[in-house]
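This report concerns side-chain contacts, with attention to charged groups and aromatic rings. The structure is shown below.

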Amino acid sequence: KNSLPKFSTNRGYLLKSVDKADFSLITLDTIENTDVEDEYTVVLTSNFKGMPDIITPAWDALSGIGLFFYDYLLDNTYQVPEVAGKTNFIWGEKGMLKTCWQLWFRMRLRSKTLPLNLICSAKQKSDLQRATNIYVFNQEFLIKKLEFEQILESHYKMKLELISLSY
């Protein structure tokens with residue numbers, strides 16, 4: 001029972017900009033422009049900052065990198081258009097968080113983790129080091145972390161941290 005996959009205890013991902021001026025919380029059901037965190041929330045800091053319609057000195061003073069889909073001048077001001085159904089903002093209905101990252105974060109919230117310790121040969125160690133995923137209990141897992149320690153001349157103690165992205 002101790003080796004069976006465990007569901008993630010995370011309930012949400014809170015994405016913040018470097019200076020914490022922009023933030024959004026993704027849960028299984030919602031995306032909110034809120035800055036609420038607890039022990040079940042994973043806080044991620046992004047180097048990007050939300051792009052305003054017109055760049056101002058106050059925006060320029062914020063930390064982080066502004067990301068443009070297109071960057072063009074009109075009347076000596078930078079204009080931020082909507083491109084391919086997305087905007088340059090992190091948050092909002094057409095923002096990058098909802099259109100680009102929502103599926104990935106929700107898959108992670110539904111993920112299972114499996115710590116695995118095993119002893120293997122040098123050949124198996126070499127195969128595992130090149131692999132990105134393996135099957136355990138007839139379920140595919142990504143190899144998130146891999147550590148090894150040599151215990152005999154050609155045998156190793158392996159410690160793997162696996163994650164399943166089934167959803």
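In this predicted model, Asp-127 is partly exposed because its relative accessibility of 31% falls between the limits of 20% and 50%. Arg-130, at a relative accessible area of 59%, is exposed. The side chains of Asp-127 and Arg-130 meet in a salt bridge, with 3.0 Å from N to O. Both residues belong to helix α3 (residues 122–130), where they are three residues apart, about one turn of the helix.

Four salt bridges are found in the structure as a whole. The table lists some of them.

| Salt bridge | N to O distance |
|---|---|
| Asp-127 and Arg-130 | 3.0 Å |
| Lys-145 and Glu-147 | 3.4 Å |
| Lys-144 and Glu-161 | 3.6 Å |

The pair of Lys-144 and Glu-161 links distant parts of the chain, 17 residues apart: Lys-144 lies in strand β12 (residues 139–152) and Glu-161 in strand β13 (residues 155–164). Lys-144 is exposed at 52% relative accessible area, whereas Glu-161 is partly exposed at 30%. Lys-145 and Glu-147 are bridged to each other; Lys-145 is partly exposed at 43% relative accessibility, and Glu-147 is partly exposed at 38%. Through shared salt-bridge partners, Lys-123, Asp-127 and Arg-130 form one network.

The structure also contains one aromatic pair. The ring centres of Phe-148 and Tyr-156 are 5.8 Å apart and their planes stand at 80°, so the pair is edge-to-face. Phe-148 is partly exposed at 40% relative accessibility, while Tyr-156 is buried at 13% relative accessible area. Lys-125 is placed over both rings: its charged end is 4.0 Å from the ring centre of Phe-148, and Lys-125 lies over the face of Tyr-156 at 4.9 Å from the ring centre.

Terms used
Residues are numbered from 1 along each chain as its sequence is written. This is a predicted model: local features need pLDDT of at least 70, side-chain atom pairs count only at pLDDT 80 or more; totals for chains, interfaces and linings use all residues. Side-chain values use heavy atoms; hydrogens and water are left out. Rings of Phe, Tyr and Trp (its six-membered ring) pair if their centres lie within 6.5 Å; planes under 30 degrees apart count as stacked, over 60 as edge-to-face and the rest as tilted. Buried means under 20% relative accessible area, exposed over 50%, partly exposed in between (1.4 Å probe, protein chains only). A charge sits over a ring if NZ of Lys or CZ of Arg is within 6 Å of the ring centre and within 35 degrees of the ring normal. Helices (H or I, at least four residues) and strands (E, at least two) are DSSP runs, numbered from the N terminus.
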